[in-house]
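Student: Could you take me through one part of this structure up close? I'd like to go slowly and see how the pieces fit together.

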Amino acid sequence: MNCLECDAQVPVPSDAIQGEIVTCKDCGTSFELVREQAGSLFTLRQAELEGEDWGE
Ligand SMILES: [Zn+2]
């Protein structure tokens, strides 16, 4: 999976879950994993962490 900002490789764990946050090592941008429908591949959505409470 490639970073939306810099196109570097972003590692996605094989057991990744919907809503998991992954971070690009190159530019430091955080992305949320979004599965648009069951069984499909994840897509990356830029995470908006400012002032957000993710419940953890
Ligand atoms: Zn990047």
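Tutor: Sure! One bit of vocabulary before we start: a residue is called buried when its relative accessible area is under 20%, exposed when that value is over 50%, and partly exposed in between. Also keep in mind that this is a predicted model.

Let's begin with the zinc ion. Its protein donors are the SG atoms of Cys3, Cys6, Cys24 and Cys27, and they lie 2.2 to 2.4 Å from the metal. Have a look at the angles too: the 4 donor atoms subtend 106 to 117° around the zinc ion, so the arrangement is tetrahedral. Along the sequence, the donor residues follow the spacing C-x2-C-x17-C-x2-C. Take Cys3 and Cys27 as a pair: they link distant parts of the chain, 24 residues apart, with Cys3 in the segment before strand S1 (21-23) and Cys27 in the loop between S1 and strand S2 (30-35). How buried or exposed are these two? Cys3 has a relative accessible area of 4%, so Cys3 is buried. Cys27 comes out at 37% relative accessibility, so Cys27 counts as partly exposed.

Now stay in that loop between S1 and S2, where you'll also find Thr29. With a relative accessible area of 14%, Thr29 is buried. Which residues does Thr29 touch? Leaving out residues up to four places away in sequence, Thr29 touches Glu5, Val22, Thr23, Cys24 and Gln46. You've met one of those already: Cys24 is among the zinc donors.

Next, step into strand S2, where Ser30 sits. Ser30 has 16% relative accessibility, so Ser30 counts as buried. Its side chain makes a polar contact with the side chain of Thr23, at 3.3 Å. Thr23 is also one of the residues that Thr29 touches, so follow both threads back to Thr23 when you turn the model.

Finally, let's move to the salt bridge; the structure holds 1. Arg45 forms this salt bridge with Glu32, and the closest N and O atoms are 2.8 Å apart. The pair links distant parts of the chain, since Arg45 is in strand S3 (residues 42-46) and Glu32 is in strand S2, 13 residues apart. What about accessibility here? Glu32 is buried, because its relative accessible area is 9%. Arg45 has 46% relative accessibility, which lies between the 20% and 50% cut-offs, so Arg45 counts as partly exposed.

Note on methods. Residues numbered from 1 in each chain as written. Predicted model: local features only at pLDDT ≥ 70, side-chain atom pairs only at ≥ 80, totals over all residues. Heavy atoms only, no water. Donors = N, O, S within 2.8 Å, 3.2 Å for Na, K, Ca; no water. Tetrahedral: all angles 85-135°; square planar, octahedral: opposite > 155°, others 65-115°. Helix = DSSP H or I, 4+ residues; strand = E, 2+ residues; numbered from the N terminus. Buried < 20%, exposed > 50% of the residue type's maximum accessible area, 1.4 Å probe, protein only. Contact = heavy atoms within 4.5 Å. Polar contact = N/O pair within 3.5 Å; in protein donor to acceptor, adjacent residues only side chain to side chain. Salt bridge = Lys/Arg side-chain N within 4 Å of Asp/Glu carboxyl O.
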